[in-house]
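Colleague: I'm still new to reading folds, so could you take me through one part slowly? I'd like a close look at a sheet and whatever sits around it.

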Amino acid sequence: MRTGFAFTNLANRLTSHAELSDQDLELLAGMPATIRHLKPHERLRQGERSDDCCVVLQGYLCWREGDRGDALITSIHVPGDVPDLHTILAPSRQATLNALGPAVVALVPHAFFRSIAAQSRQMAHALAMLALADVSALRNWVVNLGARDSLTRVTHLLCEIATRLQAVGQARDYCFPSPFTQSDLAAACGISAVHANRIIQDLRHSAWLHWRSKTITITNWDALVQVSGFTPDYLHLRRVPHIERSCETIPHRIADRGDQIATL
């Protein structure tokens, strides 16, 4: 692929799931697309049928269950993702797809994805793996909301976002634009905005991360991995950042605070 190619993130996302040749990737060069710039929380899809998919180029998108600003977030999508790839098979959408912050997307016809899948068996495999990764992430999302306490939910989500960004060449040194406000974080983790704020403050005070304005920097990756129990297997990535679990005991201040928050 050419450096600076408009859909490099999509190529990186596909190759993070499956091995593709240069010939396979060149199929993306003919991608027809309509570019849209979205404002924060602008709605892109809601229930209607369409004949195209959305490729995230910049920023973050999410699926919400409803129109309200605090409606539950059921998935977050980073650059390179195709959050509605499933609509190639089932064109109707049952939830709301909108931007978390300013975002740029490409609307690509279903026919294009069908065409490249027909031309390359490996490309078809890569697209299938991309869809499988979405399903696996959704399954983990259910576990996150139903079986983990508040602190674990937040740290697990942060680990996942950082890993997915690294898979497309972003989040170097564990620094990345925040995909959400703290209210969005609360909606993604099924907790109140007050609980989310308390958890972030505790993580800051323990020097595990910095969240300044619209940028998150993870300063103690091992600690976040340990407290969240994060393992990237469910993301179905060919290569993932080396993850080590720290042998140090998690500071009681954080552990206890997490327990308190989980019971509020």
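Modeller: Sure, and one term before we start: two strands count as paired if DSSP finds at least two bridges between them. Keep in mind that this is a predicted model. Now take Arg36: its bridge partner in β7 is Val105. That bridge belongs to a pairing of β1 with β7, the strand at residues 103–109, which runs in the antiparallel sense over five bridges. Zoom out a little, and you'll find an open sheet of three strands, ordered β1-β7-β3, with antiparallel pairing. In general, strands of a sheet pair through backbone hydrogen bonds. Why do β1 and β3 each have one side without a neighbour in the sheet? Well, β1 (34–38) and β3 (52–58) stand at the edges and have a single partner strand each, so there's nothing in the sheet on the other side. The strands aren't lined up perfectly either: ignoring direction, neighbours in this sheet are turned by 30° against each other on average.

Next, look at what lies against the sheet. Helix α3, residues 110–119, packs on it and touches both β3 and β7. The direction of α3 makes about 65° with that of β7.

For some context, let's step away from the sheet to the nonpolar cores. The largest one has 43 residues, and among those touching the most other members are Ile76, Leu157 and Leu185. Helix α5 gives the most to this core, with eight residues. There's also a second, separate core of 26 residues, including Phe7, Leu10, Ala11 and Phe113.

Note on methods: Residues numbered from 1 in each chain as written. Predicted model: local features only at pLDDT ≥ 70, side-chain atom pairs only at ≥ 80, totals over all residues. Heavy atoms only, no water. Helix = DSSP H or I, 4+ residues; strand = E, 2+ residues; numbered from the N terminus. Axes fitted to C-alpha atoms, helices over the stretch in contact; angles between N-to-C directions. Contact = heavy atoms within 4.5 Å. Core = buried A, V, L, I, M, F, W, Y, C linked by side-chain atoms within 4.5 Å. Buried < 20%, exposed > 50% of the residue type's maximum accessible area, 1.4 Å probe, protein only.
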